[in-house]
Amino acid sequence: MKHPDPADLIAVASGLRPSDDRLVRHLRRCGTCRDRLAAWQRTLGTPEAPEASAPPWDRIASGLPTPGFKRPRWGVVAALAALGVLWFWPRWIWPGPAPWGPEAAVALATGRTVLLHRVAAPQGQVALKWNGTTGWALLTARGLKPAGPAHVYEIWWVRGRRHVPAGVLTAASAGGSVWLYSPSHFQGVDAVGITREPEPGRRAPTGPREFFASLRPHPGA
């Protein structure tokens, strides 16, 4: 065969050609081509295949996905936490029976508010926010005279001549708040009253009526 050109000689010398390549075999047999290649190497230097260094492992590892795990997005975490607080907040704050978050929100947003007037109580203010859709009501009392040792303020649903236990204010001083539930969603409930009773309360009132308010709609309302 004819002598290869300089580019083929350099390719052969760089080791990029397989050992059974025809140019490699030619170079082994041809002294002229070996002399030409030696002259090129003295002039240009020995050709070498390019080498690439690997990047640091920490840079590679940071870009690799972790199987079965994704870092949480803090916006999603914050939104889920807010929903959890909205759902559970009444039950976290009030130790007794309380509605779930959506029920509490409806009761407070659309409920009717009545102020209980004092009957035998010498002081204090009591308000009731009640909702016939959910059956829940929030009673808030301020400035009450302390019930005294071993006594509580008992709250009653008044249904005609019957008094149905609704809840208890156990705070011994100024007042507090308590969620109350009406199983009939206030159907047949005429009023709400509060009496002072021996702790833990009674199934029927024994003490004088301290506070009272009618839950019947006013004429024309």
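**Strand β3 and the nonpolar cores**

In this predicted model, strand β3, which spans residues 136-142, is mostly covered, with five of its seven residues buried; buried here denotes under 20% relative accessible area, computed with a 1.4 Å probe on protein chains only, and strands are DSSP runs of E of at least two residues, numbered from the N terminus. Residues are numbered from 1 along each chain as its sequence is written. Local features rest on pLDDT of at least 70 and side-chain atom pairs on pLDDT 80 or more, whereas totals for chains, interfaces and linings use all residues, and side-chain values use heavy atoms, without hydrogens or water.

Strand β3 runs antiparallel to β2 (residues 125-130), to which six bridges join it, and antiparallel to β6 (residues 176-181), again through six bridges; two strands are taken to pair if DSSP finds at least two bridges between them. On the β2 side, leucine 128 stands opposite leucine 139 of β3, while on the β6 side tyrosine 181 is the bridge partner of tryptophan 136. Five residues lie between the strands of the β2 and β3 hairpin, where glycine 135 takes a positive phi near 85°.

The largest nonpolar core, a set of buried Ala, Val, Leu, Ile, Met, Phe, Trp, Tyr and Cys residues joined through side-chain atoms within 4.5 Å, has 25 residues, and those with the most contacts inside it are Leu116, Leu128, Leu139, Ile155, Trp157 and Leu215. Strands β1 (112-118), β2, β3, β4 (151-159), β5 (162-169), β6, β7 (191-198) and β8 (209-214) each supply at least two residues of this core. Apart from it lies another core, of six residues, including Trp136 and Trp179.

Methods:
Buried means under 20% relative accessible area, exposed over 50%, partly exposed in between (1.4 Å probe, protein chains only). Helices (H or I, at least four residues) and strands (E, at least two) are DSSP runs, numbered from the N terminus.
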